[in-house]
Structure formats: structure tokens, C-alpha cells
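The report that follows looks at how strands and helices are arranged in the structure shown below. It takes the sheet of one chain and then the helix packing of the other.

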Amino acid sequence: MKVHLSHPTRDVELQGPKRVADIFKELQLIPEAFLVIRGRDLMTEDEVVADGDSIEVRPVISGG
Amino acid sequence: MRCRKCPKQAVLGMPRHNTAFCGPCLTEFVRTQVQRAIKSQTMFAPEDRILVAVSGGKDSLTLWEILLKLGYRADALYVDLGIAGYSERSHEKVNRFAHDVAESCGSKLIVHTVENDAGAGIKELANLVKRPTCSTCGTIKRYQFNRVAWENKYDVMATGHNLDDEAARLLGNVLQWQEEYLQKQSPTLPASVEGFSKKVKPLYRMTEREIAAYAVVNRIDYLVEECPMAKGAKMLVYKDALNRLEMESPGTKQRFYWGFLEKQKKAAAVSSNMTMANIDQTTLLPCETCGQPTTAGTCSFCRMMARAKSPIR
């Protein structure tokens, strides 16, 4: 699967299928600070991302 | 994961409430929380004119959208900081939202361009006055926001500060024991003296993640990129620490900030001298240059502008 990340902007490839919660663990990200979006839809931590999917892991924290 | 209110697939789990919502139920939940904040903190009435500070980010555009959906009379102010690339992109997001959503509600966007006023963008200005960019930016935004609200007779000005912002600010103030700043950490600050507009934070009950989820669900096209000047900001460190605690113990941020508000309320009930209005009335006087309230003879904005325009710095 293709994972798009921000701050800094980059794409990483991960082996699927994988639960969103496990993607957070593998990327060492705190779930409270991110949303996972597939297409235009949000995904919950128990949902599974297929190997051929593209997702965005979007940060929600701003400095203000 | 299923929505706790209906049989649909959930789009967001909310561990601090031990619940999960689908898109429509999340939208209803967030709007209800904002309405509760407005009423419980006596922020404004349906007939009041509100000025929302917008930056193009998720919090401010979401706040503007929610207020309009709830039927409030909300215009917005965008301050163009003149940060190469970033300001153009954020301005474009705000313009698009104003055109696509706000105009049809009879709401307007006001734009203040720092460069037109100061002769330089925020970064150059910060260099000229030898102050950190974020602090220069804060001074300018607070000043212009208050000026525009006051001159245009808005009843109240609203910012998109959320639970994460307030909890992180509280943590920073407690770590430094900045007690004078603690007094200003209320979601509603009164129009305490002539020249000061009332300030409110209707999103203080919502986390950043819940607001971002609301924005995605409701197709609010916001700027995801972070301000380049915020890199390394202390607030980000405090937010990260709080989010780590939140993961271990859901509800930590809420208990921390809301608990503080409860203590603040009890202290104000015991001593009326503790209210912000009383403190402001005894410490603030009109600025000798512009007339806005200040604790010094000349306000920090006017001092900064004088320094920026002076040949000797």
C-alpha cells in the first residue's frame, strides 16, 4: 500500500493488508495526532487497508 | 467499528468519550458541543454580530462554517502575513471558502495585509524589530483583530482555539508559573474596557482531531500544511506530550483544562477582584499613539511599528 504523509511531505510503501492501528504502530505515530483518509473517507483504527490501497495519514496538530 | 448512535459504519473513534460516530452523527455531536460552549460560557446571542479570525487552517474555517450552519451572523477577518508561498496558499483557501460557503449565508470576508500597513512581511518585520517571528505575528494578529472588531462594531470576536491549544497553553503557563497569563485562559474574555472587544473560543470543548475529522466529513477545504514559522515551536512540544498522556489515559486533556476552568470559576466566586474585567479596569489605559488599551504608555504594537520604521534600531 502507498501511504502519504505530511510534515515533511513524503510517500512510503507498506506491506498490506494491515489494520490502521498497526500502520500507526509501524510508522511510530501517535493516533491522537493523526487521521487516516482513504479517498475522501475517514478510517477508524480497526479498519483494514488492502495492499493495493492508497491512504493519507494526515497530521491534525497545528502550532498556534 | 459501528456508530454508537445509529447502525452505520463509524468514521471516528473518540476514546475520551468511549464512543464512535458516523459522519452525520459526528457533525451533530460537534455542532451540539459548540452550541453548548456558546451557551454555558455566555459567548454571544443569536442577534450578535461575530467576527471570526480565519487563517485557512482547519480550526478557523470549521468554526466559521459551524457558526453559519447554526444560523449566527458571522463575518471573518483574514490577516495576510506576507509569508512567501504559505500566505498565498492560505489566502486562497479562505477566499474559496468565503465564495463557496459564506457568501450564500450573507457573510463577508475582511482582509488585512501586513505588508500594506508595515511596509514588510512578518518575517522581515520580525528581523527588523529583533523579535521571534511567532511573537511578532501574535502581536500583530491580536492588535488587528481587536482593531477591526472595535472599528466595525462587532459584538464579539471568535477564534478557533481548541481543547489541544488551551491544554497546551495551560501546561506551558503552569510549567513556567506564569500566573498572570493563567487569568486570561478563559474561553470567554469580556469587553472589559473601552477599546477592547469581547473574545471567545467556541471550539474549546473539541480536540484538534475531532475538528479535523469534522472538516474532512463536511468537505471543508482547509490548508493542511503547517506555517513554516511554527517549526520548533514550544506549543508543538507541549501538544505532543499531552497527546502521549492522552493515549495512556483518554480524557487527560479535557480533565486538565476543564478542571482548571472549574477552579478558576470557584476562585472568581470567592473574590470578585479575581475577574478579568476587574483586573483590566485597574491596569489598562489607552495607548498614547493609537488609543487601544495597554498596560504601558504605548502599546506593544505601536512600539514595535515605531521600532520597525526607525532608522536606528
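This is a predicted model. One point of helix packing in chain B can be stated at once, namely that H6(B) and H13(B) are oblique to each other, because angles that are neither roughly parallel, nor roughly antiparallel, nor 65 to 115 degrees fall into that class. The angle behind this statement is roughly 120°, at which the axes of H6(B), residues 133–151, and H13(B), residues 300–309, cross while coming within 9 Å of each other. The crossing in which H6(B) passes H13(B) is left-handed. On the side of H6(B) the contact is made by Thr136(B), Thr139(B), Ile140(B) and Tyr143(B), and on the side of H13(B) by Ser300(B), Phe301(B) and Met304(B). Sorted by class, this contact holds 4 nonpolar and 3 polar residues, with no charged residues.

Ile140(B), a residue of helix H6 of chain B, deserves a separate description. Is Ile140(B) buried or exposed? It has 23 C-beta neighbours inside 10 Å and therefore counts as buried, since the cut-off for that class is 20 or more. When its neighbours within four places in sequence are left aside, Ile140(B) is in contact with Val79(B), Val114(B), Ile122(B) and Phe301(B). By contrast, the C-alpha atoms of Ile140(B) and Asn162(B) are separated by 21 Å, the two residues being 22 residues apart along the chain.

**Further helix pairs in chain B**

Two packed helices are described by the angle between their axes and the distance between the axes. The table gives these values for two further pairs.

| Helix pair | Angle | Axis distance |
|---|---|---|
| H7(B), residues 163–175, and H10(B), residues 234–248 | about 105° | 9 Å |
| H2(B), residues 58–69, and H3(B), residues 86–102 | about 15° | 12 Å |

With an angle of about 15°, H2(B) is roughly parallel to H3(B), and the crossing of these two helices is right-handed. Leu61(B), Trp64(B), Glu65(B) and Leu68(B) of H2(B) meet Phe97(B), Val101(B) and Ala102(B) of H3(B) in this contact, which by class has 6 nonpolar residues, no polar residues and 1 charged residue.

For H7(B) and H10(B), which pack at an angle of about 105°, the two helices are therefore roughly perpendicular to each other. Their contact is made by Asp164(B), Ala167(B), Ala168(B), Leu171(B) and Gly172(B) of H7(B), together with Lys234(B), Met235(B), Tyr238(B), Lys239(B) and Leu242(B) of H10(B). The class count here is 6 nonpolar, 1 polar and 3 charged residues.

**The sheet of chain A**

Chain A contains an open sheet of 5 strands in the order S2-S1-S7-S4-S5, and the pairing within this sheet is mixed. S2 and S5 of chain A are the edge strands, each of them pairing on one side only, and the twist from one strand to the next averages 30°.

Strand S1(A), residues 2–5, pairs with S2(A), residues 10–13, in the antiparallel sense over 4 bridges. These two strands form a hairpin with 4 residues between them, and His7(A) in the turn has a positive phi of about 55°. S1(A) also pairs with S7(A), residues 54–59, this time in the parallel sense and again over 4 bridges. Which residues are the bridge partners of Lys2(A) in S2(A) and in S7(A)? In S2(A) the partner of Lys2(A) is Glu13(A), whereas in S7(A) the partner is Ser54(A). Further along S1(A), His4(A) stands opposite Glu56(A) in S7(A).

**Where the two chains meet**

The contact between the chains takes 19 residues from chain A and 27 residues from chain B. On the chain A side, the elements that give two or more residues to this contact are strand S4 (34–38) and strand S5 (41–43). By class, the side of chain A that touches chain B has 8 nonpolar, 6 polar and 5 charged residues. From chain B, helix H9(B), residues 208–217, lies across S4 and S5 of chain A and runs at about 20° to S4(A).

Notes: Residues are numbered from 1 along each chain as its sequence is written. Chains are lettered from A and ligands numbered from 1 in the order in which they are written. This is a predicted model: local features need pLDDT of at least 70, side-chain atom pairs count only at pLDDT 80 or more; totals for chains, interfaces and linings use all residues. Two strands pair if DSSP finds at least two bridges between them. Two residues are in contact if their C-beta atoms, placed from the backbone, lie within 7 Å. Ala, Val, Leu, Ile, Met, Phe, Trp, Tyr, Cys and Pro count as nonpolar, Asp, Glu, Lys and Arg as charged, and the others, Gly among them, as polar. Axes are lines fitted to C-alpha atoms, for helices over the stretch in contact, and angles run from 0 to 180 degrees between N-to-C directions. Angles under 35 degrees count as roughly parallel, over 145 as roughly antiparallel, 65 to 115 as roughly perpendicular and the rest as oblique. A crossing is left-handed if the near helix is turned anticlockwise from the far one by less than a right angle, and right-handed if clockwise. A residue is buried if 20 or more other C-beta atoms lie within 10 Å of its own, exposed if 12 or fewer, and partly exposed in between; C-beta atoms are placed from the backbone.
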